[in-house]
Amino acid sequence: MLETRPAVRRPRTFAARLDSRTESTPLARHLLRAYLAALPTGDRYRDVAELLLGELFANAVQHSDAPDDCLIEIRFAVINDRLRLEVHDGGSGRPTLRGASPDDEHGRGLLLVNELAERWGCCPRAGGIGKFTWAFVAPASALAA
């Protein structure tokens, strides 16, 4: 008798468009948690990925020169055991690392991304409108190595 098992489905790329508002940041993190919960080892990415997505999304809201009614798109995918996060916005500016003094209340988000992401960067979007910022997150055990 041939035994069959149900196919194990791994989530593919996830994408969603959210309002360009600070209040959308928790929803972006919630969607990431749901995506990772469907992965057998999703918990190995969760803490760092949530922090990085929150920073990238908040930067897109705060620093984009796109009209307020433009949406921000988030995308997640696991590629070769690395979680790729993308945040797309219609703005023309590019994120840049800068130093923050101890008294500054803002300005450390990209420093966190730079320290915690395996790699990160920014690229123009297809069609020439806006950009997307991406970051690769290694699973927790790979970070400790």
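How many bridges pair strand 4 with strand 5, and in which sense? Strand 4 (residues 119–124) pairs with strand 5 over 6 bridges, in the antiparallel sense. The model is predicted.

## The sheet

Five strands form an open sheet. Their order is 1-2-3-5-4, and the pairing is antiparallel. Strand 1 and strand 4 sit at the edges, each pairing on one side only. On average, neighbouring strands of this sheet are turned by 20° against each other, direction ignored.

Strand 2 and strand 3 run antiparallel and are joined by 7 bridges. Here V78 stands opposite L83 of strand 3. Strand 3 (residues 82–89) also pairs with strand 5, again antiparallel and over 7 bridges. In that pairing, L83 has V137 of strand 5 as its bridge partner. L83 thus has V78 opposite it and V137 as its partner in strand 5.

## Strand 5, covered on both faces

Is strand 5 buried or exposed? 7 of the 7 residues of strand 5 (residues 131–137) are buried, so the strand is largely enclosed by the rest of the structure.

In a regular strand, side chains alternate between the two faces of the sheet. In strand 5, both faces are covered. K131, T133, A135 and V137 are buried on one side. F132, W134 and F136 are buried on the other.

## The strand 4–strand 5 hairpin

Strand 4 and strand 5 form a hairpin with 6 residues between the strands. Within this hairpin, G127 takes a positive phi near 90°. Across the pairing, C123 has F132 of strand 5 as its bridge partner.

## Core and helix packing

Which residues have the most contacts inside the largest nonpolar core? They are I74, L83 and L85, in a core of 28 residues. Strand 1, helix 1, helix 2 (46–63), strand 2 (71–79), strand 3, helix 3 (109–116) and strand 5 each supply at least two residues of this core. Helix 2 gives the most, with 8 residues.

L83 shows how these parts meet. Leaving out residues up to four places away in sequence, L83 touches L32, Y35, L36, Y45 and A49, among others. Its contacts also include F76, A77 and V78, as well as A135, F136 and V137. Helix 1 lies across strand 1, strand 2 and strand 3. The helix runs at about 25° to strand 2.

## The S24 loop

S24 lies in the loop between strand 1 (14–19) and helix 1 (25–37). Is this loop residue buried or exposed? S24 is buried, because its relative accessible area is 8%, below the 20% cut-off. Its contacts, not counting residues up to four places away in sequence, are L18, D19 and F57.

## Cysteines

How many disulfides does a search of the whole structure find? The search finds 0. Why does C123 form no bond with the closest cysteine sulfur? That sulfur belongs to C122 and is 6.5 Å from the sulfur of C123, so the two are too far apart for a bond. The cut-off for a disulfide is 2.5 Å.

C123 is partly exposed, with a relative accessible area of 26%. C70 also counts as partly exposed, at 28% relative accessibility.

Terms used
Residues numbered from 1 in each chain as written. Predicted model: local features only at pLDDT ≥ 70, side-chain atom pairs only at ≥ 80, totals over all residues. Heavy atoms only, no water. Helix = DSSP H or I, 4+ residues; strand = E, 2+ residues; numbered from the N terminus. Buried < 20%, exposed > 50% of the residue type's maximum accessible area, 1.4 Å probe, protein only. Contact = heavy atoms within 4.5 Å. Pairing = 2+ DSSP bridges. Core = buried A, V, L, I, M, F, W, Y, C linked by side-chain atoms within 4.5 Å. Axes fitted to C-alpha atoms, helices over the stretch in contact; angles between N-to-C directions.
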